[in-house]
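Colleague: Before planning work at the bench, I should like to go through this structure with you. May I put some questions on its charged pairs and its core?

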Amino acid sequence: RPMTVETMGLRERVFLKLRDAMQHLLRLETPGALTPDTRLREDLSIDSLGVVDLVVTVEETFAITLPSTFNAEDVATLDDVVSLVMARLDGAAEGS
């Protein structure tokens, strides 16, 4: 059965939304080139200024606030970003 938005899990939906936001942020022509294993620094050449743009994009896209303890060095791949978003969404759902 083909995967649709309805049958997708939250993690997959978060990834697709993140992928679309990253495609726009980085002005990429081929969104399919972005996978959960895509490395931010090595594959996308995101530098420290790019990390700031990424944080703003993530916060705006998902209506979340990343913790002040957020360390860009802890986030190496798009899947790491998805995990970070998932943790914040879980925290928001719990009212924290």
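The exchange below concerns a predicted model, taking salt bridges and then the nonpolar core.

Colleague: How many salt bridges does a search of the whole structure find?

Modeller: Side chains of opposite charge can pair when their charged atoms come close. R11 and D79 form one such bridge, and D43 and R39 meet in another. The search of the whole structure gives a total of two.

Colleague: Which helices does the pair R11 and D79 tie together?

Modeller: The closest N and O atoms of R11 and D79 are 3.1 Å apart, within the 4 Å limit for a salt bridge. In sequence the two parts are 68 residues apart. R11 lies in residues 10-26 and D79 in residues 78-93, so the pair joins helices α1 and α3.

Colleague: Is R39, in its salt bridge with D43, buried, partly exposed or exposed?

Modeller: The N to O distance in this bridge is 2.9 Å. Its partner D43 has a relative accessible area of 41% and is partly exposed. Buried would require under 20% and exposed over 50%. With a relative accessible area of 38%, R39 is partly exposed.

Colleague: Which helices each supply at least two residues of the largest nonpolar core?

Modeller: This core has 21 residues, and L18, M22, L40, V58 and V81 touch the most other members. Leaving aside neighbours within four places in sequence, M22 is in contact with residues including L34, L54 and L78. The helices that each supply at least two core residues are α1, α2 and α3.

Notes:
Residues are numbered from 1 along each chain as its sequence is written. This is a predicted model: local features need pLDDT of at least 70, side-chain atom pairs count only at pLDDT 80 or more; totals for chains, interfaces and linings use all residues. Side-chain values use heavy atoms; hydrogens and water are left out. A salt bridge is a side-chain nitrogen of Lys or Arg within 4 Å of a carboxyl oxygen of Asp or Glu. Helices (H or I, at least four residues) and strands (E, at least two) are DSSP runs, numbered from the N terminus. Buried means under 20% relative accessible area, exposed over 50%, partly exposed in between (1.4 Å probe, protein chains only). A nonpolar core is a set of buried Ala, Val, Leu, Ile, Met, Phe, Trp, Tyr and Cys residues joined through side-chain atoms within 4.5 Å. Contact means heavy atoms within 4.5 Å.
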